[in-house]
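Colleague: Got a minute to go through this one with me? I'd like to start with the ligand.

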Amino acid sequence: MGYVGDNKSLEVLLGGLKRLEYRGYDSAGVAVIDADGHLGVRKRSGKLKVLTDDLAADPLGNGATGIGHTRWATHGGPTDANAHPHLGDNGKLALIHNGIIENFYDLKRELLAEGETFTSETDTEVAAILVGREFQKTHDVTESLRRVVARLHGAFTLLVMHEDQPGVVVGARRNSPLVIGLGDGENFLGSDVAAFVEFTQRAVAIGQDQIVTIRPDSVEVTDFIGNPVETEEFEIAWDVSAADKGGWSSFMAKEISEEPEAVANTLRGRAVNGTVHLPELESIGAAVLADIDRIIIIACGTAAYAGMLGKYAIEQWSRIPVEVELSHEFRYRNPIINSRTLVVSISQSGETMDTLMAVKYATANDARVLSICNTQGATIARESHAVVYTHAGPEVAVASTKAFVAQIAALYLLGLHLATVRGTLSAGEIAENVAELVAIPDKIAEVIESAKVIPQLAHWMTDTQSVLFLGRHVGFPVALEGALKLKELAYIHAEGFAAGELKHGPIALIEPGQIVFVVVPSPRGTGSLHPKVVSNIQEIRARGARVIAIAEKGDAAVLPFADEVIPIPLAATLFEPFLAVVPLHVFGMELAAAKGLDVDQPRNLAKSVTVE
Ligand code: M6R
C-alpha cells in the first residue's frame, strides 16, 4: 500500500498492512520519508508482527509519505534481504512489487554488466534499480516509472517513492490489482480496499496498463504512454468493522458464522416471489443467452468445487452441457470455444491470476464471459462481459468458507435464470427451487448450531496422519472441499473421492483406524444414491475404517454403521451441499486450532494468488 497525507504515514501503513496481510505473510516492510526528508526503510522476514515489534523497539521516523508491503515469496526465499521495499538511486528510492517480472533475469544480467550490484534474489530489485537510474536523468518518479514499465514483461503492480520528491507516491499496474483510496488532504493506494477502508469509503480501481500519481491533494491517472485516462469512483460497500475479527478467535470462525448471511445477501433481490432476477446478465443479452450451446466454468481451488456443484444444477435445470475446468488447465490447452460458449468464471478475490488469464483468453476467443465474484471492482469483474457479485462481505481467512456457499447460491440463481429463459422448467418448478434456496440460510444456521460435537472430534484427531472424504453426486465436490480444507489448514494428508470410485483403487488405502468422512445423500432423494453410499460405508467399515457420516437428520440406515453421525437438516438433493459442507469447514478449522496452527494464515499460502 501507499500513502501521502499528513505526518502519520507509519501508523497508516501498519494498520493497512494488518488488513492486507492475508494476501501474503512471508515478510513485511515499510519505507517512509521522515520529517527531515530522509528515506527510512525497515523490512523483516516473518509475519507483520515481527516488523511491528521491531519498529516498536527501534522506531523509524514518521512522515507524510510512505509505502508498505507484505510478501508471498516467488523469487528468493522469505528472508530480510528479499523482503520489500527494494532500493534504487543509492538508497534514495524505494519500490514495492506484487507479481512477477518475467524478463528480470535478462535485465539483471544487463545491469550487472553495467556495474550495478544487487542485495537480493528477487525479480523486484531489477525494477528498483532501473527506476533509480531513470530518476537520475528525469528527477521525476512518474516519468521514471513510465520509462521502466515499457521494458518489463509479466504481471506487476509497482509502487515507488523517492526522497527528492516527498509527498508523491506513484503506482503502475499490469495484470496485478491496484486501487486508489480518495481521502481529504490524503490519498492512498492499495492492492485492495481493505488497505484504506478505515479512512475512506471512496475508491477508484486502476485499469490495465495505467500509472497513478498520488499527492495529498491530487490524483492523476494516465496510460503507460502518458495519456490521461478517465476513472470511475465507487463507494466501498462495507465498512472497516466487516474486516475486523470482532470477538472471534479467528477470521475463519467469524466467516463460518457468517455463512447464512452470505447466502442470504447473495439471494437478496434476486430470488423473489418464486422467480429469479439477474439484471446483471442484461449486458450479455437475452438472445445470446438463449442461443448458447455450452457452458464452461473456470475457477481454482474451492471456487472450482463450487463450479462442480454449479454443473449439477445448471445441467439439471437448463439442460445446457456444462464443463468445469481449472483455470490454469483451460488457459493453456487450446480449448474449443466460440461465440455460443458461455464461460463462467468464479473467484472470491476476483484477482486470481490463473482465472484472470483464462478470462482474457476466453474473451479474446469470442466467448461470452460471466464472472461470479465477491470483490467490488476486481480485475476479473472488469475484464468480463457481465458480473454477478456474491455479497458475502470481505473474506479475510485464507481458507474460503462463506464465499464458497455464496458462490453456490450465485450459480444456482444462474441455473434457474437459464431454465427460465429457455423454458426448461415450469414456473412451478422454478418456484419450488427458489423456495429451497431461500430456506438455505436458516438451515445453515441450524447446522452451525448443531456442529458442537466437531471440536471434540478434532481434539481426538490431532495425531491423525491421513483423513479420507467420500461423497457421491453433489456430495463429491463437498468431499473434495473437506479434503482441501484439511490439507491447507491442518497440514494433514487428505483426499476426497467419489464414493463410487472407491472400489477402483482408493479402497486399498483403508486400513484399521483410517478415518473417513462420508457425505451421505438423503434417503428421500432420487436415483438410489442413498443405499449405494450406505453400501460404500459398509465396505470401508468391513476393512476397519472409522466412519464419520454427515447425514440427514433421522437417517436411521446410517446409524448402525457410523462411529459418529453429524446430522444436517432436510433439503432437496441439489441443496444438500450448502449444509453438508459446513461441518467440514468447522472440522478443518478446529483441527488446525487443536494442533496449535495459525487458522487464518496457513503456511506457504496467500489469500489471493496473483501470480501464475
Ligand atoms: O479468490 P479465488 O476464489 O479465485 O481463490 C481461488 C482459490 O485460490 C481459493 O479458493 C483457495 O483454494 C482457498 N484457499 C481454499 O480454501
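**Ligand site and beyond**

Modeller: Sure. The ligand takes up the space of the second largest pocket. A pocket here is an open set of points on a 1 Å grid over the protein atoms alone, where a 1.4 Å probe fits and protein lies on both sides within 12 Å along at least five of seven lines. The ligand sits in it if more than half of its atoms lie within 2 Å of the grid points.

Colleague: Which elements give two or more residues to the shell around it?

Modeller: Helix H9 (301-318) and helix H16 (475-490). Helices are DSSP runs of H or I with at least four residues, strands are E runs of at least two, and both are numbered from the N terminus.

Colleague: Before I go on, what am I looking at?

Modeller: It's a predicted model, where local features need pLDDT of at least 70 and side-chain atom pairs pLDDT 80 or more, while totals for chains, interfaces and linings use all residues. Residues are numbered from 1 along each chain as its sequence is written, and side-chain values use heavy atoms, with hydrogens and water left out.

Colleague: OK, how many residues surround the ligand?

Modeller: 14, and the closest are Ser347, Gln348, Ser349, Thr352 and Glu488. "Near" means a heavy atom within 4 Å.

Colleague: Which side chains have an N or O atom by a ligand oxygen?

Modeller: Among them, Ser349 at 2.7 Å and Lys485 at 2.8 Å. A polar side-chain atom of Ser347 is 2.6 Å from a ligand oxygen. The cut-off for a pair of N or O atoms is 3.5 Å.

Colleague: And how much of the ligand does the protein cover?

Modeller: 90% of the 410 Å² of accessible area it has on its own, by Shrake-Rupley with a 1.4 Å probe.

Colleague: Which domains feed the shell?

Modeller: Domain 2 (246-448) and domain 3 (451-594) each give at least three residues. The bounds come from an automatic or database assignment.

Colleague: New topic: where's the cis peptide bond?

Modeller: Between His84 and Pro85, with omega about 5°. Pro85 is in the loop between strand S4 (63-71) and strand S5 (86-88).

Notes. A polar contact is a pair of N or O atoms within 3.5 Å; within protein, one must be able to donate a hydrogen and the other to accept it, and residues adjacent in sequence count only if both atoms are side-chain atoms. On a 1 Å grid over the protein atoms alone, a cavity is a set of points where a 1.4 Å probe fits but cannot get out, and a pocket is an open set with protein on both sides within 12 Å along at least five of seven lines; lining residues have an atom within 4 Å of a point.
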